[in-house]
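Work through these exercises with the sequence and the model side by side. Try each task before you read its solution.

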Amino acid sequence: MREVTISDDMIRLGQFLKLADVIEAGSDVKYLLNTEDVTVNGEPEDRRGRQLFKGDVVTVGDDVTLVVA
């Protein structure tokens, strides 16, 4: 599990995945959400605009687990 620090109180899922270097460009988010299992706090998520707050846990596939810090 890796912590990714954000500068504001909230960040959108697509922005967060880019900040965490899971994707290279914002345009890659839609493809990632359609091809990988992405969960936020254990719930499946397919909206790139989902708002994340400090303490939220984002999982991508079986290999990547990130915590909003």
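**Exercise 1. In which sense do strand 1 and strand 7 pair, and over how many bridges?**

Solution.
- Step 1. Strand 1 and strand 7 pair in the parallel sense, over three bridges. Strands are DSSP runs of E with at least two residues, helices are runs of H or I with at least four, and both are numbered from the N terminus. Two strands pair if DSSP finds at least two bridges between them.
- Step 2. Look across from strand 1. R2 stands opposite L66 in strand 7. E3 stands opposite V67 in strand 7.
- Step 3. Now take the other pairing of strand 7. Strand 6 and strand 7 run antiparallel and are joined by four bridges. L66 in strand 7 is the bridge partner of V58.
- Step 4. Check the turn. Three residues lie between the strands in the hairpin of strand 6 and strand 7, and G61 takes a positive phi near 60° there.

Before going on, note the ground rules. This is a predicted model, where local features need pLDDT of at least 70 and side-chain atom pairs count only at pLDDT 80 or more, while totals for chains, interfaces and linings use all residues. Residues are numbered from 1 along each chain as its sequence is written, and side-chain values use heavy atoms, with hydrogens and water left out.

**Exercise 2. What is the strand order of the open sheet, and which strands are at its edges?**

Solution.
- Step 1. The open sheet has five strands in the order 1-7-6-3-4, with mixed pairing.
- Step 2. Strand 1 (2-4) and strand 4 are the edge strands, since each pairs on one side only.

**Exercise 3. Which residues touch the most other members of the largest nonpolar core?**

Solution.
- Step 1. Define the core. A nonpolar core is a set of buried Ala, Val, Leu, Ile, Met, Phe, Trp, Tyr and Cys residues joined through side-chain atoms within 4.5 Å. Buried means under 20% relative accessible area, exposed means over 50%, and partly exposed is in between (1.4 Å probe, protein chains only).
- Step 2. The largest core has 18 residues, and L13, F16, L17, V38, L52, V58 and V60 touch the most other members.
- Step 3. Place the core on the fold. The elements that give two or more residues to this core are helix 1 (13-19), helix 2 (29-35), strand 3 (38-40), strand 6 (57-60) and strand 7 (64-68).
- Step 4. Follow one member. Beyond four places in sequence, L13 touches L33, V38, E45, R47, R48, R50, L52 and V58. Contact means heavy atoms within 4.5 Å.

**Exercise 4. Is E45 buried or exposed, and which residues share its salt-bridge network?**

Solution.
- Step 1. Find E45 in the loop between strand 4 (43-44) and strand 5 (51-53).
- Step 2. E45 has a relative accessible area of 7%, so E45 is buried.
- Step 3. List its contacts. Leaving aside neighbours within four places in sequence, E45 touches L13, L33, V38, T39, V40 and R50.
- Step 4. Count the salt bridges (a side-chain nitrogen of Lys or Arg within 4 Å of a carboxyl oxygen of Asp or Glu). The whole structure has two.
- Step 5. One joins the side chains of R47 and E45, at 2.7 Å from N to O. R47 is at 48% relative accessibility, so R47 counts as partly exposed.
- Step 6. E45 also forms a salt bridge with R50, with the closest N and O atoms 2.7 Å apart. Shared partners thus join E45, R47 and R50 into one network.

**Exercise 5. Where do D21 and N41 lie, and what is the sign of phi in each?**

Solution.
- Step 1. Recall the rule. Most residues other than glycine have a negative phi.
- Step 2. D21 is not a glycine, yet its phi is positive, at about 65°. D21 lies in the loop between helix 1 and helix 2. At 67% relative accessibility, D21 is exposed.
- Step 3. N41 also has a positive phi, near 55°, and is a residue other than glycine. N41 is in the loop between strand 3 and strand 4. At 40% relative accessibility, N41 is partly exposed.
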